[in-house]
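Open the model in your viewer and keep the sequence beside it. This tour moves from the whole chain to single side chains.

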Amino acid sequence: MYVGTLSFDLLLGDVRSLKEKRSVVRPIVAELHRKYAVSVAEVGDQDLYRRAVIGLAAVSGDMGHLTDLLDRCERWVAARPEVDLLSARRRFHGEHDD
């Protein structure tokens, strides 16, 4: 079994309030969950209206499938016109981790 995590540091476009931030972040979180069947949530910078950190996790029995899934999620987020992807950090945990 392999677990992969991916976190995105995002700069939001023309957002001037936390309410506007929610209207940008919520659809991204919902679509990642729906389209890729991953666990996903906003996990950081909740009090800053122009920044967001979104984290996701997935489990697979095949490392290649997990890598492909995280690649697709990253490309999808990077292509969103309403946000700038500042960084993406990924980690893998496998059967042989302590």
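Helices here are DSSP runs of H or I with at least four residues, strands are runs of E with at least two, and both are numbered from the N terminus. By that count, the chain has 2 helices and 4 strands. Keep in mind that this is a predicted model.

**Stop 1: the whole chain**

Colour the chain from its N terminus onward. The elements follow the order β-α-β-β-α-β. Now turn the C-alpha trace along its principal axes. The trace spans about 45 × 25 × 20 Å. What radius of gyration does the chain have? The value is 14 Å, which agrees with the figure near 13 Å for a compact globule of 98 residues.

Switch on the surface. About 5900 Å² of the chain is exposed, and carbon and sulfur atoms supply 51% of that area. Of the 98 residues, 33% count as buried. Next, look at contacts with a separation of 6 or more. Residues 24 or more positions apart account for 71% of them.

**Stop 2: the sheet**

Hide the surface and select the strands. In what order do the 4 strands lie in the sheet? Reading across, the order is β2-β3-β1-β4, in an open sheet with antiparallel pairing. The edges are β2 (39–44) and β4 (83–93), each of which pairs on one side only. Sight along the sheet to see the turn between neighbours. On average, neighbouring strands are turned by 20 degrees against each other, direction ignored.

Strands of a sheet pair through backbone hydrogen bonds. Select residues 2–12 and 51–60 to see one such pairing. These are β1 and β3, antiparallel strands joined by 10 bridges. Pick Tyr2 for a single example. Its bridge partner in β3 is Ser60.

**Stop 3: a salt bridge between strands**

Show side chains now. Side chains of opposite charge can pair when their charged atoms come close. The structure holds 8 salt bridges.

Stay on β1 and β3, and select Asp9 and Arg51. Their side chains form a salt bridge, with 2.8 Å from N to O. Asp9 sits in strand β1 and Arg51 in strand β3, 42 residues apart, so the pair links distant parts of the chain. Is Asp9 buried or exposed? Asp9 counts as buried because its relative accessibility is 12%, under the 20% cut-off. Arg51 has 28% relative accessibility and counts as partly exposed.

**Stop 4: an exposed pair**

Move to Asp14 and Arg16. Their side chains also meet in a salt bridge, at 2.9 Å from N to O. Asp14 is exposed, with a relative accessible area of 59%. Arg16 is exposed too, at 60% relative accessibility. Both values fit the label because exposed means over 50%.

**Stop 5: helix to strand**

Select helix α2 (residues 63–78) and strand β4, then pick out Glu74 and Arg90. A salt bridge joins their side chains, with 2.8 Å from N to O. The pair links distant parts of the chain: Arg90 lies in strand β4 and Glu74 in helix α2, 16 residues apart. Arg90 is partly exposed at 27% relative accessibility. Glu74 is partly exposed as well, with a relative accessible area of 25%.

Which residues make up the salt-bridge network here? Add Asp71 to the selection: Asp71, Glu74 and Arg90 are linked in a network of salt bridges.

How values were computed:
Residues numbered from 1 in each chain as written. Predicted model: local features only at pLDDT ≥ 70, side-chain atom pairs only at ≥ 80, totals over all residues. Heavy atoms only, no water. Pairing = 2+ DSSP bridges. Axes fitted to C-alpha atoms, helices over the stretch in contact; angles between N-to-C directions. Salt bridge = Lys/Arg side-chain N within 4 Å of Asp/Glu carboxyl O. Buried < 20%, exposed > 50% of the residue type's maximum accessible area, 1.4 Å probe, protein only. Rg over C-alpha atoms; globule rule 2.2 N^0.38 Å. Contact = heavy atoms within 4.5 Å. Areas by Shrake-Rupley, 256 points an atom, 1.4 Å probe, with all protein chains shown as cover.
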